[in-house]
Amino acid sequence: MARKTQILFGFLIISMIAAVYFPALSIPLRGDDFEWLNSAYSGWREPASLLARINNFFRPVVKLSYLLDYSCAATCATWYNVTTLTIHLLNVWLLCCLLGRVSRWPVAAIVAFLFGVSSYYVEVT
């Protein structure tokens with residue numbers, strides 16, 4: 001398959017996944033979101049605090065994401081959801097690129113799409 005066609009299909013896959021998750025962008029912050037947010041506040045003053053565990057979870061990238069989101073949009077839940085969806089879409093793209101190197105393009109695209117819309121990954125938003 002030509003490179004331009006692969007890029008076009010990649011954008012199509014990403015667009016379809018984004019469309020699937022679009023209605024979820026308005027979901028408010030809830031549950032442990034506030035715990036992660038509270039732990040991220042001190043990240044600017046004490047960057048090492050981003051490496052601390054919360055309830056036995058070590059997720060410095062999640063804390064950094066919450067810190068940056070809070071710095072840009074305070075508690076606007078849509079902003080947090082857009083950030084998380086963007087990270088998910090980048091992961092789908094990376095998976096597709098990786099699989100495209102080790103298998104045929106249609107297989108890579110199908111697997112990446114299924115990963116992108118899979119209900120097993122419930123924390124996209």
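This is a short walk through a predicted model of one protein, starting with the overall fold and ending with a few individual residues.

Okay, hi everyone. Since this is a predicted model, please keep that in mind for everything I say.

Let's start with the big picture. What does the secondary structure come to? Five helices and zero strands. Reading from the N terminus, the order is simply α-α-α-α-α. The C-alpha atoms fill a box of roughly 50 × 30 × 25 Å along the principal axes. The protein has 125 residues, and 33% of them are buried. And if you take the contacts with a separation of 6 or more, 61% come from residues 24 or more positions apart.

Now, helix 4, which runs from 77 to 102. It has 26 residues, and at 1.5 Å a residue you'd expect a span of 38 Å; the end C-alpha atoms are indeed 38 Å apart, so the two agree. Which residues are buried here? Ala 77, Tyr 80, Asn 81, Thr 83, Leu 85, His 88, Leu 89, Val 92, Cys 96 and Leu 99. As a reminder, an α-helix has 3.6 residues a turn, so residues three or four places apart point the same way. If you scroll along the helix with that list in hand, you can check the buried positions for yourselves. And what do those buried residues pack against? Helix 1, helix 2, helix 3 and helix 5.

One contact from the helix 1 side is worth a look. Ile 14 sits in helix 1. Setting aside its neighbours within four places in sequence, Ile 14 is in contact with Leu 89, Val 92 and Trp 93. Two of those names, Leu 89 and Val 92, were in the buried list for helix 4 a moment ago. For a sense of distance, take Ile 14 and Leu 51: they're 37 residues apart in sequence, and their C-alpha atoms are 31 Å apart in space.

Next, two helix pairs. First up, helix 1, residues 3-21, and helix 5, residues 105-117. Their axes are 10 Å apart and the packing angle is about 15°. Anything under 35 degrees counts as roughly parallel, so that's what we call helix 1 and helix 5. The crossing of this pair is right-handed. On the helix 1 side, the residues involved are Gln 6, Phe 9, Gly 10, Ile 13, Met 16, Ile 17, Val 20 and Tyr 21. They meet Trp 105, Ala 109, Ala 112, Phe 113, Gly 116 and Val 117 from helix 5.

The second pair is helix 2, residues 33-40, and helix 3, residues 60-73. How do they cross? At roughly 80°, with the axes coming within 8 Å. Angles from 65 to 115 degrees count as roughly perpendicular, and helix 2 and helix 3 therefore fall in that class. Helix 2 brings Asp 33, Trp 36, Leu 37, Ser 39 and Ala 40, and these meet Val 62, Lys 63, Tyr 66, Leu 67 and Tyr 70 in helix 3.

Between those two helices there's a loop, and Phe 57 is found in it. Phe 57 is partly exposed, at 41% relative accessible area. Not counting residues up to four places away in sequence, Phe 57 touches Trp 36 and Ala 52. Trp 36, remember, is also one of the helix 2 residues that meet helix 3.

Asn 55 is in that loop as well, between helix 2 and helix 3. Its phi is positive, about 50°, although it isn't a glycine. Is Asn 55 buried or exposed? Exposed, because its relative accessibility is 54% and the cut-off is over 50%. Ala 74 also has a positive phi of about 50° without being a glycine. You'll find Ala 74 in the loop between helix 3 and helix 4, and at 36% relative accessible area it's partly exposed.

Last stop, the cysteines. How many disulfides are there? Zero. Why is Cys 96 not bonded? The closest cysteine sulfur, in Cys 97, is 6.1 Å away, which is too far for a bond, given that a disulfide needs the sulfurs within 2.5 Å. Cys 97 is in no disulfide either. Cys 96 is buried, at 6% relative accessible area, whereas Cys 97 counts as partly exposed at 35%. And going back to Phe 57, it lies 40 residues from Cys 97 in sequence and 29 Å away in space, C-alpha to C-alpha.

That's my tour, thanks.

How values were computed. Residues are numbered from 1 along each chain as its sequence is written. This is a predicted model: local features need pLDDT of at least 70, side-chain atom pairs count only at pLDDT 80 or more; totals for chains, interfaces and linings use all residues. Side-chain values use heavy atoms; hydrogens and water are left out. Helices (H or I, at least four residues) and strands (E, at least two) are DSSP runs, numbered from the N terminus. Buried means under 20% relative accessible area, exposed over 50%, partly exposed in between (1.4 Å probe, protein chains only). The expected span of a helix is 1.5 Å times one less than its number of residues. Contact means heavy atoms within 4.5 Å. Axes are lines fitted to C-alpha atoms, for helices over the stretch in contact, and angles run from 0 to 180 degrees between N-to-C directions. Angles under 35 degrees count as roughly parallel, over 145 as roughly antiparallel, 65 to 115 as roughly perpendicular and the rest as oblique. A crossing is left-handed if the near helix is turned anticlockwise from the far one by less than a right angle, and right-handed if clockwise.
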